[in-house]
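Visitor: I have a structure to study, and I should like to be guided through it step by step. May I put my questions in turn?

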Amino acid sequence: MAQHDYINKKPSNRNNKKQAPAKKPFPIVLVFVALILLGGFGYGLWYIKHNADPELVEQQANPIKSEEEKVIPKPKPPEFIKEIKEHEIQVEVKEIEQKGPYVMQCGSFRTLEQAQTLKAKIAFAGLVSEVKRVEGSNGIWYKVRLGPYETKRLAESDKNKLKRIKIMGCGIWLWT
């Protein structure tokens, strides 16, 4: 097969149907309108400067405060505002009975390794948990518990911390 010299080959004479775009004419009308607007603006400024009232210009530049404006008495507050400030409200505070300490259980497993794994995940959240071995009618279970908590609100706070690290299913019960 013969080798072809594509680099030095001159392109074939093609008929290019695309023509260069025609040049747009200079926008004489727009330039004329712009010059008229600029001239009108300049004339307006000159007219204002030479036909302004000198006394009014001086008064606007240096305003003189009258004595009436300087002395304005403060309005007297109404009587009920003084009464409100001096008034005392008697509120009866009731003590809320605490039901008792709470405990939160986050899992119950058949093997100690699963319970220890959950305990480690809880430790990464900054909480302390314990694994409790329970023998029941179904066999041996390992429960992962947190607490005791004095109030349910504290237990809910720790439960929300655990939810943020994707540990779900924790239950809060009265501690027995």
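Guide: The following questions and answers go through this predicted model, from the overall fold to single residues.

Visitor: How many helices and strands does the protein chain have, and which pattern do they follow along the sequence?
Guide: The secondary structure of the protein chain amounts to six helices and four strands. Reading along the sequence gives their order as the pattern α-α-α-α-β-α-β-β-α-β.

Visitor: What percentage of the residues in the protein chain is buried?
Guide: A residue counts as buried when its relative accessible area is under 20%. The protein chain has 176 residues, and the buried ones make up 14%.

Visitor: Among contacts between residues at least 6 apart in sequence, what share joins residues at least 24 apart?
Guide: The contacts considered here are those in the protein chain between residues at least 6 apart in sequence. The share that joins residues at least 24 apart is 66%.

Visitor: Which element gives the most residues to the largest nonpolar core?
Guide: The largest nonpolar core has 16 residues, and those with the most contacts inside it are M104, C106, I122, L146 and L162. Two or more residues come from each of β1 (102-109), α5 (112-124), β3 (139-149) and α6 (152-164). With four residues, the element that gives the most is β3.

Visitor: Which residues does C106 touch, leaving aside those up to four places away in sequence?
Guide: C106 is one of the residues with the most contacts inside the largest nonpolar core. Leaving aside residues up to four places away in sequence, C106 touches L118, I122, V144, L146, L162 and C170.

Visitor: Is Q105 buried or exposed?
Guide: Q105 has its place in strand β1. Among the residues that Q105 touches are K143, V144, R145 and W173. The relative accessibility of Q105 is 13%, and the limit for burial is under 20%, so Q105 counts as buried.

Visitor: What distance separates the C-alpha atoms of L127 and L162?
Guide: L127 lies in the loop between α5 and β2 (129-136), and at 9% relative accessibility L127 counts as buried. Among the residues that L127 touches are I122, L146 and L162. L127 and L162 are 35 residues apart along the chain, and the separation of their C-alpha atoms is 8.9 Å.

Visitor: Is D158, which forms a salt bridge with K161, buried or exposed?
Guide: D158 and K161 both lie in helix α6, three residues apart, about one turn of the helix. The closest N and O atoms of their salt bridge are 3.9 Å apart. K161 is partly exposed, with a relative accessible area of 34%. The value for D158 is 12%, under the limit of 20%, and therefore D158 is buried.

Visitor: Which residue meets R133 in a salt bridge?
Guide: The structure holds two salt bridges. R133 is partly exposed, with a relative accessible area of 48%, whereas its partner is exposed at 60%. The N to O distance in this salt bridge is 3.1 Å, and the side chain that meets R133 is that of E135.

Visitor: What is the area of the nonpolar surface patch that includes I28?
Guide: I28 has its place in helix α1 (residues 28-51). Patches are made of residues with over 30% relative accessible area, so I28, exposed at 61%, meets that requirement. The patch is made by F26, I28, V31, L35 and L38, and its area is about 560 Å².

Visitor: Which residues are linked into a cluster by ring pairs?
Guide: A search of the whole structure finds two aromatic pairs. The residues that ring pairs link into a cluster are Y43, W46 and Y47.

Visitor: Is the peptide bond from G147 to P148 cis or trans?
Guide: P148 has its place in strand β3. The peptide bond from G147 to P148 has omega near 15°, and its form is cis.

Visitor: What is the phi value of K166?
Guide: K166 is found in the loop between α6 and β4 (171-174), and at 69% relative accessibility K166 counts as exposed. Although K166 is not a glycine, its phi is positive, at about 70°.

Technical notes. Residues numbered from 1 in each chain as written. Predicted model: local features only at pLDDT ≥ 70, side-chain atom pairs only at ≥ 80, totals over all residues. Heavy atoms only, no water. Core = buried A, V, L, I, M, F, W, Y, C linked by side-chain atoms within 4.5 Å. Buried < 20%, exposed > 50% of the residue type's maximum accessible area, 1.4 Å probe, protein only. Contact = heavy atoms within 4.5 Å. Patch = residues over 30% accessible without salt bridge, like charges linked within 9 Å, V, L, I, M, F, W, Y side chains within 5 Å. Areas by Shrake-Rupley, 256 points an atom, 1.4 Å probe, with all protein chains shown as cover. Salt bridge = Lys/Arg side-chain N within 4 Å of Asp/Glu carboxyl O. Phe/Tyr/Trp six-rings, centres within 6.5 Å; stacked < 30°, edge-to-face > 60°.
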